[in-house]
Amino acid sequence: MGGEERPALLVCADCGRAYEEEVFACSSCGGLTVFEYPGSRFNIDRREPGIWRYRSLLPRLERVVSKGEGLTPVSRLGGVLAKNEQRNPTSTYSDRASSVIASYLSSRGVPGVRTRFEEDFTYSLVYYLEGVSAVEVVLDDPLSLDRSDVALLARARNVRLTSRGSSSDLVDLSYLNPLTVEGLKTIAFEIYERGLRVERVVVPARTGLLAYSVWKGFRDLEEAGAEPHYEVVAASIKGSGRPRVLDRAKSVRVVEVDGEEVLEFLARLWNRGVSTKPLSASAFAVAENLGSSVAVVTIGFRAPSGGRSGSAGLRREIVRVLESYGEATAYEIWRRLPVYTLRGTYKLLESMERRGEVCSEVRPRGERKVRYYIPCGSPRPERAATS
Ligand SMILES: [Zn+2]
């Protein structure tokens, strides 16, 4: 087991009650527990994959499940440094959380979890838990699923979709848990490791958990003897108020942005060839207004072919990829054209198939059936002997 290393304790972020055992919600007050690393120093081990280079301040786990999450690039856009979380395996910072969760479940030998459908988080989790653990995805409203959701969830053999959940003894897992915090906080470690010369880190806030986690990352660094000196700013849409989870992180400043301003930034970014979501645009807006900031965002770059709409250009790019490769799965197309999210790519391919712009066929690959997209009207692609 731990050997000479002292075990990481869990402490309730609300009332401060300490736990020697792994308790994911405080039994006194119901608050979120978080990992603590008393006596640990901050070390970077570059031999470890993905976020696990920061193992010295992550939960002590024997097994690591990493799919290349983290170490996302920072680029300058106008007056703002943008840390682009779209460059994670499933296009979202949730992959950092999924890596810690999957590693935990693998290390503890947990055979199955149950989770409520939460779009990006669920897709990411399903992707990371393939081969690790079964996932029961509970949908409150099955009618809210569209075809691309089903395609994405059903392609993973470890997933069971249900509207009410079974009574079996699966471990319940929601986005809000101590492992998610440990994964997301590695954004702070990366900013510190790169030594970015800005005063503050601006994080989009909906639930506030991302801002809380980045704040905790800097706090863990301080407690481990480092001096990060960054202010954490949570950007939220006007009227949504201070997220409750930030009650635990008093030094996080919440800055609200007007909806109009978010739309203005969306359009301005789009005209610069950048596609992003309103939540990321709000972080951009706050970062630009405050100055000296790095914004944590998910952004893609429009296909260079231009045209009236970006999607027309992207559709042409997809056809071009299919013509040069002969065939590709949706996932392979997305890896080559990471403009959209993986889910967006599925949606786009479906609409293209309905319009007759691409065709597809389902063939077995290994033990499962896989949908391959091919150019329409072209002869069957010659299969490379090595494929
Ligand atoms: Zn408590």
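The following paragraphs lead through the structure from its overall dimensions to selected strands, helices and residues.

The structure is a predicted model, in which local features need a pLDDT of at least 70 and side-chain atom pairs count only at pLDDT 80 or more, while totals for chains, interfaces and linings use all residues. Residues are numbered from 1 along each chain as its sequence is written. The pLDDT is the predictor's confidence in each residue, from 0 to 100. The protein averages a pLDDT of 87, and 91% of the residues score at least 70. Over residues 1-6 the pLDDT is below 50, and this stretch has 5 contacts in the model beyond near neighbours in sequence; two residues are in contact if their C-beta atoms, placed from the backbone, lie within 7 Å. Residues 380-387 likewise have a pLDDT below 50, with 4 contacts in the model beyond near neighbours in sequence.

The overall dimensions come next. The C-alpha trace spans about 65 × 50 × 40 Å along its principal axes. The radius of gyration is 22 Å, which agrees with the value near 21 Å that a compact globule of 387 residues would have. This radius is taken over C-alpha atoms, and the globule rule is 2.2 Å times the number of residues to the power 0.38. Buried residues make up 40% of the 387 residues. A residue is buried if 20 or more other C-beta atoms lie within 10 Å of its own, exposed if 12 or fewer, and partly exposed in between, with C-beta atoms placed from the backbone. Among contacts between residues at least 6 apart in sequence, 60% join residues at least 24 apart.

The secondary structure comes to 11 helices and 17 strands. Helices (H or I, at least four residues) and strands (E, at least two) are DSSP runs, numbered from the N terminus. Two strands pair if DSSP finds at least two bridges between them.

Towards the start of the numbering, an open sheet of 3 strands has the order 2-1-3, with antiparallel pairing. Its edge strands are strand 2 (18-19) and strand 3 (33-36), each of which pairs on one side only. Strand 1 (residues 9-12) is joined to strand 3 by 4 bridges, and the two run antiparallel. Within this pair, valine 11 stands opposite valine 34. Cysteine 12 also lies in strand 1. This cysteine is buried because 21 other C-beta atoms lie within 10 Å. Not counting residues up to four places away in sequence, cysteine 12 touches Arg17, Cys26, Ser28, Cys29, Gly31 and Thr33.

Further along the chain, strand 6 (residues 112-116) and strand 7 (residues 134-138) run parallel and are joined by 5 bridges. The chain crosses from strand 6 through helix 2 (residues 119-129) to strand 7, and this β-α-β crossover is right-handed. A crossover is right-handed if, with the strands pointing away from the viewer, the path from the first strand over the helix to the second runs clockwise. Side chains alternate along strand 7: Val135 and Val137 point to one face and are buried, whereas Ala134, Glu136 and Val138 point to the other and are not. Strand 7 is also joined to strand 8 (residues 159-162) by 4 bridges, again in parallel. The bridge partner of valine 135 in strand 8 is valine 159.

Another crossover involves helix 6. Strand 10 and strand 11 run parallel and are joined by 5 bridges. From strand 10 the chain passes through helix 6 to strand 11, in a right-handed β-α-β crossover. Strand 10 also pairs with strand 14 (residues 293-297) in the parallel sense, over 3 bridges. Of the 5 residues in strand 10, 4 are buried.

Helix 6 (residues 209-223) has 15 residues and reaches 20 Å from its first C-alpha to its last, close to the 21 Å expected at 1.5 Å a residue; the expected span is 1.5 Å times one less than the number of residues. Helix 6 is mostly covered, with 12 of its 15 residues buried. Its buried residues pack against strand 3, helix 4 (178-184), helix 5 (186-194), strand 10 (200-204) and strand 11 (231-237). Just after helix 6, glycine 225 takes a positive phi of about 95°.

Alanine 234 lies in strand 11. This alanine counts as buried because it has 29 C-beta neighbours inside 10 Å. Its contacts, not counting residues up to four places away in sequence, include Val203, Ala211 and Leu246.
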